[in-house]
Amino acid sequence: MRERVVLKWGGGLITEKSTMKTVRQDVLRDLAEQLEQCLLSGVDVVLVHGAGSFGHLKAKQYRLAEGRITGSAPMGPLTQDEAVEEVRADMLELNAHVMQALTERDISAVSLPPHTWATNTGPAFEGDLAMFSQAPSGIVVVTHGDVVACHDKREFGILSGDDLVLRLSKELPDVTRLVFAMGGVEGVLESMPIDDQPGVLIEALTKNAMFDDEHMSEMDVTGGIGLKVQRGFAALESGVEVLLVSGEEPQRVADACLGNPVRGTRLVA
């Protein structure tokens with residue numbers, strides 16, 4: 001039986017976070033090559049990617065994470081409904097870049113955008129996850145953070161990729177580890193880098209440990225590093241190994257997925 005890894009490519013890793021809809025093509029190509037190594041080594045991968053500058057900036061401007069807002073001043077030239085459709089379209093555009101990077105490595109993959117199969121937000125979102133395990137061995141199933149319909153008065157909201165990876169890690173068969181590939185940091189830091197001084201990496205993070213949860217608050221609408229750690233510990237409790245590593249350093253994502261020694265942060269009970 002091939003083991004399975006749930007892999008999250010952070011939105012801030014695969015896009016330029018501060019520039020609207022800008023893909024880091026070199027990073028995508030390298031990540032796809034490392035993913036191919038995993039498949040050739042007998043490890044199946046379920047891939048979730050973030051939104052970065054394809055989703056967060058516009059979602060924050062139109063307060064989509066809060067759902068339907070009535071009686072407020074205009075947030076921009078779009079209505080909230082128009083913003084929902086544009087963010088979904090932008091995410092499909094980013095997803096197309098991801099799928100193209102996989103195709104260039106001859107990786108067979110299928111995409112499942114959440115707004116087509118999931119409702120509600122948070123870790124208790126609703127949707128059929130069984131289809132993620134029905135793909136033949138060696139086929140990468142890809143999904144991503146998205147704006148989804150909600151059953152309550154919010155009408156819509158943002159389903160975070162971090163909530164997706166938690167549920168996938170807990171509910172799919174044969175998942176051995178969850179890997180977060182991040183941009184700008186080597187893992188979870190005690191403190192953020194200052195000037196030319198690197199931040200201090202926490203190599204083994206326990207649940208009650210203190211760490212710097214600073215993130216791009218002007219852009220991020222889903223909780224940043226703090227949510228990743230929180231969801232990671234929930235996955236750890238289900239017996240899944242959890243690592244947070246740099247997606248910008250050569251080979252680190254592949255090593256993390258394959259269970260090799262790697263520099264980064266490992267969550268420990």
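How exposed is lysine 21, by its relative accessible area? Lysine 21 is partly exposed, with a relative accessible area of 33%. The close-ups below start with this residue and then move on to the sheet and the helices. Please keep in mind throughout that this is a predicted model.

**View 1. Lysine 21 sits in a loop between two helices.**
Here you are looking at the loop that links helix H1 (11–14) to helix H2 (25–40), where lysine 21 is found. The backbone deserves a glance too: phi of lysine 21 is near 55 degrees, which is a positive value in a residue other than glycine. Lysine 21 also turns up in the next view, as one of the residues touched by aspartate 90.

**View 2. Aspartate 90 is a buried acidic residue in helix H4.**
Helix H4 covers residues 80–104, and aspartate 90 is one of its residues. Its relative accessibility is 6%; buried means under 20%, so aspartate 90 counts as buried. Which side chain does the side chain of aspartate 90 meet in a polar contact? The partner is the side chain of lysine 58, at 3.2 Å. Leaving aside residues up to four places away in sequence, aspartate 90 touches Lys21, Phe54 and Lys58.

**View 3. Eight strands line up in an open, mixed sheet.**
Reading across the sheet, the strand order is S3-S6-S2-S1-S9-S11-S12-S10. Strand S3 (109–111) and strand S10 (204–205) stand at the edges, each with a single partner strand, so one side of each has no neighbour in the sheet.

**View 4. Strand S1 runs parallel to both S2 and S9.**
Now zoom in on S1, residues 3–9, between its two partners in the sheet order. Towards S2, the two strands are joined by seven bridges and run parallel; leucine 7 of S1 has leucine 47 as its bridge partner in S2. Towards S9 (residues 175–182), six bridges join the strands, again in parallel. Two pairs to look for here are lysine 8 opposite phenylalanine 180, and tryptophan 9 opposite alanine 181. Is S1 mostly covered or mostly open? S1 is mostly covered, with six of its seven residues buried. In a regular strand, side chains alternate between the two faces of the sheet.

**View 5. Strands S7 and S8 form an antiparallel hairpin.**
Four bridges pair S7 (residues 146–149) with S8 (residues 156–159), and alanine 149 stands opposite phenylalanine 156 in S8. Six residues lie between the two strands. Among the turn residues is glutamate 155, in the loop between S7 and S8. Glutamate 155 is not a glycine, yet its phi is positive, at about 75 degrees. With 39% relative accessibility, glutamate 155 counts as partly exposed.

**View 6. Helix H5 is largely enclosed by the rest of the structure.**
How many of the 11 residues of H5 are buried? Nine of them are, so H5 is largely enclosed. The buried residues are Gly161, Asp162, Asp163, Leu164, Val165, Leu166, Arg167, Leu168 and Ser169. Their cover includes S1, strand S2 (43–49), strand S6 (140–144), S8, S9 and H6. At the start of H5, look for serine 160: one of its side-chain oxygens reaches to within 3.0 Å of the backbone nitrogen of aspartate 162.

**View 7. Helices H5 and H6 pack side by side in a roughly parallel pair.**
Two packed helices are described by the angle between their axes and the distance between the axes. For H5 (residues 161–171) and H6 (residues 224–236), the angle is about 10 degrees and the axes are 9 Å apart. Angles under 35 degrees count as roughly parallel, and H5 and H6 therefore fit that description. H5 brings Asp162, Asp163, Leu166, Ser169 and Lys170 to the contact, while H6 brings Gly224, Leu227, Lys228, Arg231, Ala234 and Ala235. Sorted by class, the contact has four nonpolar, two polar and five charged residues.

**View 8. Glycine 184 lies in an exposed spot after strand S9.**
Glycine 184 has its place in the loop between S9 and S10. At 56% relative accessibility, glycine 184 counts as exposed. Glycine 184 and glutamate 3 are 181 residues apart along the chain, and their C-alpha atoms are separated by 29 Å.

Key. Residues are numbered from 1 along each chain as its sequence is written. This is a predicted model: local features need pLDDT of at least 70, side-chain atom pairs count only at pLDDT 80 or more; totals for chains, interfaces and linings use all residues. Side-chain values use heavy atoms; hydrogens and water are left out. Axes are lines fitted to C-alpha atoms, for helices over the stretch in contact, and angles run from 0 to 180 degrees between N-to-C directions. Angles under 35 degrees count as roughly parallel, over 145 as roughly antiparallel, 65 to 115 as roughly perpendicular and the rest as oblique. Contact means heavy atoms within 4.5 Å. Ala, Val, Leu, Ile, Met, Phe, Trp, Tyr, Cys and Pro count as nonpolar, Asp, Glu, Lys and Arg as charged, and the others, Gly among them, as polar. Two strands pair if DSSP finds at least two bridges between them. Buried means under 20% relative accessible area, exposed over 50%, partly exposed in between (1.4 Å probe, protein chains only). A polar contact is a pair of N or O atoms within 3.5 Å; within protein, one must be able to donate a hydrogen and the other to accept it, and residues adjacent in sequence count only if both atoms are side-chain atoms.
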